[in-house]
Structures are given as structure tokens and as C-alpha cells.
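Student: I have a structure open and would like to test the labels people attach to it. Could we go through the reasoning behind them together?
Tutor: Gladly, let's take a look.

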Amino acid sequence: MLRVSVSRLSLKQQTKPLLGSVASAATAKAAAANTAVKLTSARSLATTAQSHTITLPEHSFETYKLDPPASEVQLTNEELLQMYKDMTIVRRLEMAADALYKAKKIRGFCHLSIGQEAVAVGIEHAITKLDSVITSYRCHGFVYMRGASVKSILGELMGRRIGISHGKGGSMHMFTKGFYGGNGIVGAQVPVGAGLAFAHKYRGEDAATITLYGDGASNQGQVFEAFNMAKLWNLPCIFACENNKYGMGTSAARSSALTDYYKRGQYIPGLKINGMDVVAVYQGTKFAKEWTSSGKGPIVLEFETYRYGGHSMSDPGTTYRTRAEIQHMRSDSDPISGLKNRLLSLNISTEEELKKVDKEARAYVDKEVAEAEAAPPPEAEPKILFEDVYVPGTEIPVLRGRIPQENWSFTK
């Protein structure tokens, strides 16, 4: 039996204490729960030491003020299989969220990343647990890859107590060790990401912050302010634009005078990456991490990707683009199918073995869905409302309410 999250974490360094005070005690429980997840391994796991040299296509990278990463990528059977399993689970997670939303078991905002799985998975495989990640509201895949369980993510979406934020944050506000959201304000996470990078440098840590934002947020003034500060202070910040071609319902060409987002840093080097190829994402992110670790300062990445669904669950996604366009991307550029073809061509797995992985991933997510649905919501008590305002041990004596009768004493 293969422990999915354990094998994923085994490729990383040990986790150090969390920067800041964003995460709550629930995150540790969720991460621990995730290590219990098991999927039966395929035959090829018996030869995990075997490695392969994958040659990426020429169009995988485009550069600005730097030389491109090597097109030859060395990966083991285990690493490639784990990427496949991770992307499969992330997609199943998002499909489950889609079904629960349509069943009215999830309310409010919900932004899915079906089609964009290679970005979250490729990044995580290229970094360590000491690195920090922060993104916008399309965050479910990232928080899973950082160590949260599917149950804690879906529980959060349904407002359950077992949720990654105790059922009080919802789709856009998820946190776990090394992951700082899930942020609902467009572009607001970018300067926070620069601050996290500053913390890494201040503490003398060999770590970087991956600060993600969408093409729709790329024209925000605060993005350019963060660029400026990161370059002035030579921060280990990897600014990463997930360009899925549409900011809500507006195409990139209609909203941006310059759609080469990797060139937006001006005085910061940039790299455009094929975000539909998990190996290219891995290689590009690894290159960016090495760039920042060598003291060269920030770098701007652009992951060219595509979402199959609408901007959010309230958007059908077909009023501003054709169904033919969506189908073309699904059939020609799907990240999971692309990696599957590589696994088959390299004789790492057979068709039947990968079908078994898919089946087990579905069973695992279905089980997590059932447990999340059965979990209770947070208790309707003031102590639950105020429990995450301060890190335990740093509370003020009394938190003021709207009126004196609503004041909350932490000494109770």
C-alpha cells in the first residue's frame, strides 16, 4: 500500500515552524489526517529507483532577460506516478465540490480549477515544505498539495467543524502550514507574498515564497508595488501568474495591453511556462527556486493554463467562449491525459494499472465526501466565533463587541 501524502511529503524537506499566525490548530489535525490516506500502488512502484530523462518540447518555455531552464528533466518512476495520482485526486476533489454545490450542500462563492491541476501539483513537487505558497480564491488544489486532507477541504466548503478553517472560512479562506490562502480580494495576496518572502530572507532561511495570482489580477497596482519592493530588497519571491485566458468573462486580450505576463516585471526577469504540462511546471518552478536561492532576487513566472469550467459556479463559462474551444483544450492539452501518455510511452505503467489508480482515487474522494457530509457544523456559541482571532497565548484580556454585552473575555 502507498500512502499518498506520505510519499508526496517524502520528496520534501522537514517542515519548520509556520511564519506568522495565520494557521489554526485545525490545520495540524487536517495534515495528520491526510497522512492516513492510502492508495494501492501500481506494479511500477517496485522499480521506483529507475529514473527517466524527459525532453520537453521547445514551446515549453519562453524567457525574458534570462536563459531558459534545461529541456532535459530527470524524474523517477515514483515522482512521475505521484504527480499523476496527485492530479487525479485534485480533479476528483474539484468534481466532488461541483456536485455538492449543485446539490446545494455548498453555498456562496466556489471557484474550481478543473483543467489547471498541473500548476498546483508541479509547483509542490519542485519546492520544499519550508517554502511558502499564497494564492487567490481558486485554491483547493494548492491547499491539498500543501498537506490538507480532501475531507478537511470539502468540510470547509460545506461549513463543517472539521473544515480546514473550522468551517468558518469557506472556499476562499483556507490555510495550512506553509500555505497562506485562499484570498478573496483580487490581487491582495501579492504584496502579502512579498512580505512572506521578506520574512524568509530576514530569518536567513533557504526558502522562497510562490506568490500566485491570475491574469485578471495582473493589472492591479498593488502587484507592481510588490514587484518594486521585492526587487529593491532582492527578496526570494517567485511571482507566478496563472494565465487561464479569462479574467471572469473577459479575455486577456481585451483587458491587458501586454498579455506577455512574464514580461510585466520590467526590471525583473521572467519565464513563461506551459502550465498544461506538469513536468514543464515542475522544471520551471525548480529553476525559479534555484534562481531565488542563489541570491538573484525575485522572478516573474507565467503559467499558461486553461480552466474548463466557468470563473465560478455561478458562471456557465460558455457565454464568452465557444464549446468547441473548451473541447479542443480538453482533447489536445489536458494535463492528466498528457502525463498518462508519458507514463505509458515510458513503460512505467500499463493502461489497466492507471485505470486502477483512477478508480482508487475516486473511491478515496467519495469516502472523504461522505465523512465530510456527516460531520457537524461549528457550535453556535461565542467561544467558537472568537477562538481564532488570536494565536493561543497572545490574546488580549477582552475583545470588544458591538455593545458591552457582546464583549468577549478570553480569561473565561
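Tutor: This is a predicted model, and a good place to begin is its salt bridges, of which the count comes to 20.

Student: What makes the pair of aspartate 334 and arginine 91 a salt bridge?

Tutor: The rule asks for a side-chain nitrogen of Lys or Arg within 4 Å of a carboxyl oxygen of Asp or Glu. In this pair the closest N and O atoms are 2.8 Å apart, so the pair meets the cut-off of 4 Å. Side chains of opposite charge can pair when their charged atoms come close.

Student: Which parts of the chain does that pair tie together?

Tutor: Arginine 91 belongs to helix α3 (residues 77–102), while aspartate 334 sits in the loop between α11 (323–333) and α12 (335–345), so parts 243 residues apart in sequence are tied together.

Student: Why is aspartate 334 called buried?

Tutor: Buried means under 20% relative accessible area. Aspartate 334 has 8%, so the label buried fits. Arginine 91 has 13%, so this partner is buried too.

Student: How do you know that lysine 289 and aspartate 131 form a salt bridge?

Tutor: Their N to O distance is 3.1 Å, so the pair falls within the 4 Å limit. The two residues are 158 residues apart: lysine 289 is in helix α10 (residues 278–293) and aspartate 131 in the loop between α4 and β6 (132–134). Both lysine 289 and aspartate 131 are buried.

Student: What makes glutamate 304 and lysine 272 count as well?

Tutor: The value here is 3.7 Å, N to O, and the limit is 4 Å, so the pair counts as a salt bridge. The pair links strand β12 (residues 299–304), which holds glutamate 304, with strand β11 (residues 270–274), which holds lysine 272; the separation is 32 residues.

Student: Why is glutamate 304 called partly exposed?

Tutor: The label covers values between the buried limit of 20% and the exposed limit of 50%. Glutamate 304 is at 27%, so partly exposed is the right term. Lysine 272, at 12%, is buried.

Student: Which residues are joined into one network by salt bridges that share partners?

Tutor: Arg161, Lys168, Glu387 and Asp388 are.

Student: Let's move to helix α10 again. Why does alanine 288 count as buried?

Tutor: Its relative accessibility is 0%, so alanine 288 is under the 20% limit. Alanine 288 lies in helix α10 and touches Ile238, Ile299 and Leu301, leaving aside residues up to four places away in sequence. The C-alpha atom of alanine 288 is 8.6 Å from that of proline 298, ten residues apart along the chain.

Student: What about the whole chain: how much of it is buried?

Tutor: Buried residues make up 54% of the 412 residues. The chain has 14 helices and 14 strands, and it exposes about 17,900 Å².

Student: Now the cavities. What makes a space a cavity?

Tutor: A 1.4 Å probe has to fit there but be unable to get out. Three cavities of 30 Å³ or more are counted, and the second largest holds about 60 Å³ of space.

Student: Which helix gives the most to the lining of the second largest cavity?

Tutor: α5 does, with three residues. Both α4 (117–126) and α5 (140–145) supply at least two residues each.

Student: How does the lining of the second largest cavity divide by class?

Tutor: There are four nonpolar, four polar and three charged residues. Among the lining residues are Val90, Arg138, Gly141 and Glu242. Gly counts as polar under the rule, so Gly141 goes into the polar class.

Conventions: Residues are numbered from 1 along each chain as its sequence is written. This is a predicted model: local features need pLDDT of at least 70, side-chain atom pairs count only at pLDDT 80 or more; totals for chains, interfaces and linings use all residues. Side-chain values use heavy atoms; hydrogens and water are left out. On a 1 Å grid over the protein atoms alone, a cavity is a set of points where a 1.4 Å probe fits but cannot get out, and a pocket is an open set with protein on both sides within 12 Å along at least five of seven lines; lining residues have an atom within 4 Å of a point. Grid points are joined across faces, edges and corners, and a volume is the space filled by probe spheres set on the points. Helices (H or I, at least four residues) and strands (E, at least two) are DSSP runs, numbered from the N terminus. Buried means under 20% relative accessible area, exposed over 50%, partly exposed in between (1.4 Å probe, protein chains only). Accessible areas come from the Shrake-Rupley method with a 1.4 Å probe; for residues, only the protein chains shown count as cover. Contact means heavy atoms within 4.5 Å.
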